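Reader: I'd love a close look at one part of this model, the second largest pocket. Once that is clear, could you take me on to the other spaces and the packing?

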Amino acid sequence: MRLGLKLLQERATIGSFWWPYISNLPETYSVPIFFPGEDIKNLQYAPLLYQVNKRCRFLLDFENDVKRVIGNLKPDDHPFRGQDVDASSLGWAMSAVSSRAFRLHGKKLVDGTHVDVPMMLPLIDMCNHSFNPNARIVQEQDTGSTKMLVKVVAETEIKQDHNLLLNYGCLNNDFFLLDYGFVIPSNPYDCIELKYDGALLDAASMAAGVVSPNFSSPAPWQQQILSQLNLDGEAADLKVSLGGSELVEGRLLAALRVLLASDGEAVQNQDLGTLKSLAAEAPLGISNEVAALRTVIALCVIALGHFPTKIMEDEALLKQSVSGSTKLAIQFRIQKKSVIIDVMRSLTSRVKLLSSKEEISAQG
């Protein structure tokens, strides 16, 4: 928030050198912290709801901290020239920085890496996003140098009146909506977040017709591998994902393959990298792979069932006259549901292919 506070200070300063830039910043932002309560609910996706609520709580707490520090200052010492700094103005500043600031190379560390320094770049921050950009940012010298130069360099010929496009990052739609206030249709990096939970996986595998799942009560050798995957133990990271470039997060896939395996020696002969890779076709056998993929498909069905509306219903709502925030919320949840459906389709195709191979092998 340091850069955001600086932005508020300059906005309150009469005759600020930065006023021409600040006066052209949006008065409002389309990020979820400014959504009406009903549209926050309309997102229908618990991980994003958690992040929105977390940011709102932070702003309310930070407002109290700021007021406690500057509440008794004399007018001449007031950093914001007596202007009120509340959660709304702090939210504006945070949104301006999150949607427009770039991370530049700062001081060089002894290991050769650089400290990232967030910085507002007037004019450059007007470039739009694309996963197929026609330009890139080049930084000459680090931020501590008086000769530092930041410029936009074209990657290809750009015709007159065409937009300059930068890649903001290979991000999912959670980040794009939280920080930038838009949703990218068919985002190849979008994914859904799930919690790794033995009882949930037991239910999913049984729904998929998998016999004798061991997710809730893994054998000691299986538990050891789960610890290596950081899915077991006190400091375990239980957040796993479906979709994106991996389709099935490697840790989840490896866990399913291991827990559905009965031959511990065969598992020990495989390295974790292979077990985590969807490109490694059936490393523990076709039956094991089919069971693992069917369990993931069942997980997708369960995840899809947590959304109270269907895609067709959402699309019908978009055809009505709705507010900008309602439209964004509906677009966001459509994309999440589409991710789940795409994962199901892809894995179903894999299961059919594997099953046909298994039948041919049995006949041979």
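Author: The second largest pocket holds about 430 Å³ of space. A pocket here is an open set of points on a 1 Å grid over the protein atoms alone, with protein on both sides within 12 Å along at least five of seven lines. Its volume is the space filled by probe spheres set on the points, which are joined across faces, edges and corners. The model is a predicted one, in which local features need pLDDT of at least 70 and side-chain atom pairs count only at pLDDT 80 or more, while totals for chains, interfaces and linings use all residues. Residues are numbered from 1 along each chain as its sequence is written, and side-chain values use heavy atoms, with hydrogens and water left out.

Back to the pocket itself. Its lining has 21 residues, and N172, D174, F175, C191 and E193 lie closest to its centre. A lining residue has an atom within 4 Å of a point. Helix 4 (46-70), helix 6, strand 7 (191-195) and strand 8 (239-243) each give two or more residues to this lining. These elements are DSSP runs numbered from the N terminus: helices are H or I with at least four residues, strands E with at least two. Helix 4 makes the largest share, five residues. By class, the lining divides into nine nonpolar, six polar and six charged residues. In that count, Ala, Val, Leu, Ile, Met, Phe, Trp, Tyr, Cys and Pro are nonpolar, Asp, Glu, Lys and Arg are charged, and the others, Gly among them, are polar.

Now set it beside the largest pocket, with about 820 Å³ of space. That pocket is lined by 27 residues, and V97, S98, A101, F102 and R103 lie nearest its centre. Helix 6 (173-180) supplies at least two residues of this lining too, as do helix 1 (2-12), helix 5 (87-100), strand 1 (101-108) and strand 4 (135-140). Helix 5 gives the most, with five residues. The lining has 16 nonpolar, four polar and seven charged residues.

There are closed spaces as well. A search of the whole structure finds two cavities of 30 Å³ or more; a cavity is a set of grid points where a 1.4 Å probe fits but cannot get out. The largest cavity has about 40 Å³ of space and is lined by L194, K195, Y196, L200, L201, V240, L252 and L299. Strand 7, already met at the second largest pocket, supplies at least two residues of this cavity's lining, and so does helix 7 (198-207). Seven of the lining residues are nonpolar, none is polar and one is charged.

The second largest cavity encloses about 30 Å³. V31, I33, R55, M94, S95, S98 and L178 line it, with helix 5 giving the largest share, three residues. Here the division is four nonpolar, two polar and one charged.

Some of these names return in the packing. Y196, from the largest cavity's lining, is joined by L242 as the residues that touch the most other members of the largest nonpolar core, which has 58 residues. Such a core is a set of buried Ala, Val, Leu, Ile, Met, Phe, Trp, Tyr and Cys residues joined through side-chain atoms within 4.5 Å. Not counting residues up to four places away in sequence, Y196 touches L201, L226, L231, L238, V240, L252, A255 and L259; contact means heavy atoms within 4.5 Å. Another core of 23 residues lies apart from that one, and I33, Y21, I70 and A93 are among its members.

Finally, two loop residues have an uncommon backbone angle. Most residues other than glycine have a negative phi. Q44, in the loop between helix 3 (37-41) and helix 4, has a positive phi near 60°. L123, in the loop between strand 2 (114-120) and strand 3 (128-129), has a positive phi of about 75°. Q44 counts as buried because its relative accessibility is 15%, whereas L123 counts as exposed because its value is 67%. Buried means under 20% relative accessible area, exposed over 50%, and partly exposed in between, for a 1.4 Å probe and protein chains only.
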